[in-house]
Amino acid sequence: VRGNETLATWGVRCLSVLLTNTAAHFNQEQWSLVCKIIVDLNTALTPRERLFSSQSNDVNTPTNTIENVIETSMKEKSTTDTILEEQLSQKHTDEPIDEGHLSGSSSVKGSPKTNSASSTPRSKMQYVEENNNPVESKIRIQNVLMTKIIREVIVDIHLPNFSLENLSVILACLLEVYKFSSYNLSMNLSKDVLSLLMEQERISVSTYFLMLFRLYAGSSERQALAEDCILSLSQTVIARYLEIIGRRESASTLKVKIHDNLVPSIVVILEGISRFNDQQFEKHLPVFYPIFTSLLISESMDVRVVLMSIFARIGKHLLPPQAKH
């Protein structure tokens, strides 16, 4: 990925087009291969130098800052570049370059081979590097992977074709991305990295819950897979959202941005719950009702609109039959 963000992004988009045009004919073995590719890409794109929530949340620890990761990566890049250039330089010395070949034209027989200043050195042609921050590049490509492949291809089109095993793999992948982004948003990071992490958190959470709610509307096996995930993470995400509401005026600008960034995810969660069938809605109402009431203080109109429809439904379930008429 490092230095080739544009190429990597186009690679993800090409994979998305390939899956869109051919995946309807895939069997489970082929879908398993697709899932493995997605997991491998996600692993490669996640800066593994980062620490997760199981570690100490200490912003002063050098290993806990993305800037430290960037510095280390740039040092590694510099060393790698130097070695590569030395190897190419040695090869250039041993094997004279045919200028006609480099320019795309045939060399004239008998004409002397020269090393003019205008000819392009072989090392520059074979090794083109983009001057991008390596951590930012990885996060941007990871966001494209979640949007173009997981969301637009798998969740929106081919979800019914997935086995329970492959569904679990994709859900675990999205959850890992969410944990990475939400944890690192608490760090003292640059503005650009924080912006990318907020986008990553929003995409991963929204896609995760869209997938879960569609599974919960399916067969009993798919409902069993989705139910615990919905209950656990929805409460976690809403708790993070509510944390800042009571002290929004005194909160830092970053905290307010993180809070506002969660609004689309909160709406996805509430809309998903509102579409539960009657049995599911009544079953989980004791858990979600205190959460619904806590969200009434939200300043987001989008959140309030969904809450209004939910409380209207609650009224129909709680009122005695004679009072409903």
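# A tour of helix pairs and cores

The crossing of helix 9 and helix 10 is left-handed. The model is a predicted one, and this pair is the starting point. Select residues 220–245 for helix 9 and residues 253–261 for helix 10. Their axes lie 9 Å apart and the packing angle is about 135 degrees. Angles over 145 degrees count as roughly antiparallel, so helix 9 and helix 10 are oblique to each other.

Now show the side chains at this contact. On helix 9, pick Arg240, Tyr241, Ile244 and Ile245; they meet Lys255, Ile258 and His259 of helix 10. By type, the residues of this contact are four nonpolar, one polar and two charged.

Next, select helix 7, residues 164–184, together with helix 8, which spans residues 191–216. Here the axes are 8 Å apart, at an angle of about 150 degrees. With over 145 degrees counting as roughly antiparallel, helix 7 is therefore roughly antiparallel to helix 8. The crossing of helix 7 with helix 8 is left-handed.

Colour the contact residues of this pair. From helix 7 they include Leu167, Ile170, Leu171, Leu174 and Tyr178, and the helix 8 side includes Leu197, Glu201, Tyr208, Met211 and Leu215. Sorted by type, the contact between helix 7 and helix 8 holds 15 nonpolar residues, six polar and one charged.

Keep Ile170 and Met211 selected and add Phe209, Val237, Leu270 and Phe292: these six have the most contacts inside the largest nonpolar core, a set of 64 residues. Which helix gives the most to this core? Helix 8 does, with 10 residues. Apart from this core lies another, of 13 residues, with Val193, Leu194, Leu197 and Met198 among them. In soluble globular proteins, nonpolar side chains tend to be buried together.

Centre on Leu270 of the 64-residue core. Which residues does Leu270 touch, not counting those up to four places away in sequence? They are Phe292, Leu295, Val303, Val306, Leu307 and Ile310.

For the last stop, go to helix 6, residues 134–158, and pick Glu136. Is Glu136 buried or exposed? Its relative accessible area is 13%, and under 20% counts as buried, so Glu136 is buried. Leaving aside neighbours within four places in sequence, Glu136 is in contact with Ser190, Asp192, Val193 and Leu196. One of these, Val193, also belongs to the core of 13 residues.

Notes
Residues are numbered from 1 along each chain as its sequence is written. This is a predicted model: local features need pLDDT of at least 70, side-chain atom pairs count only at pLDDT 80 or more; totals for chains, interfaces and linings use all residues. Side-chain values use heavy atoms; hydrogens and water are left out. A nonpolar core is a set of buried Ala, Val, Leu, Ile, Met, Phe, Trp, Tyr and Cys residues joined through side-chain atoms within 4.5 Å. Buried means under 20% relative accessible area, exposed over 50%, partly exposed in between (1.4 Å probe, protein chains only). Helices (H or I, at least four residues) and strands (E, at least two) are DSSP runs, numbered from the N terminus. Contact means heavy atoms within 4.5 Å. Axes are lines fitted to C-alpha atoms, for helices over the stretch in contact, and angles run from 0 to 180 degrees between N-to-C directions. Angles under 35 degrees count as roughly parallel, over 145 as roughly antiparallel, 65 to 115 as roughly perpendicular and the rest as oblique. A crossing is left-handed if the near helix is turned anticlockwise from the far one by less than a right angle, and right-handed if clockwise. Ala, Val, Leu, Ile, Met, Phe, Trp, Tyr, Cys and Pro count as nonpolar, Asp, Glu, Lys and Arg as charged, and the others, Gly among them, as polar.
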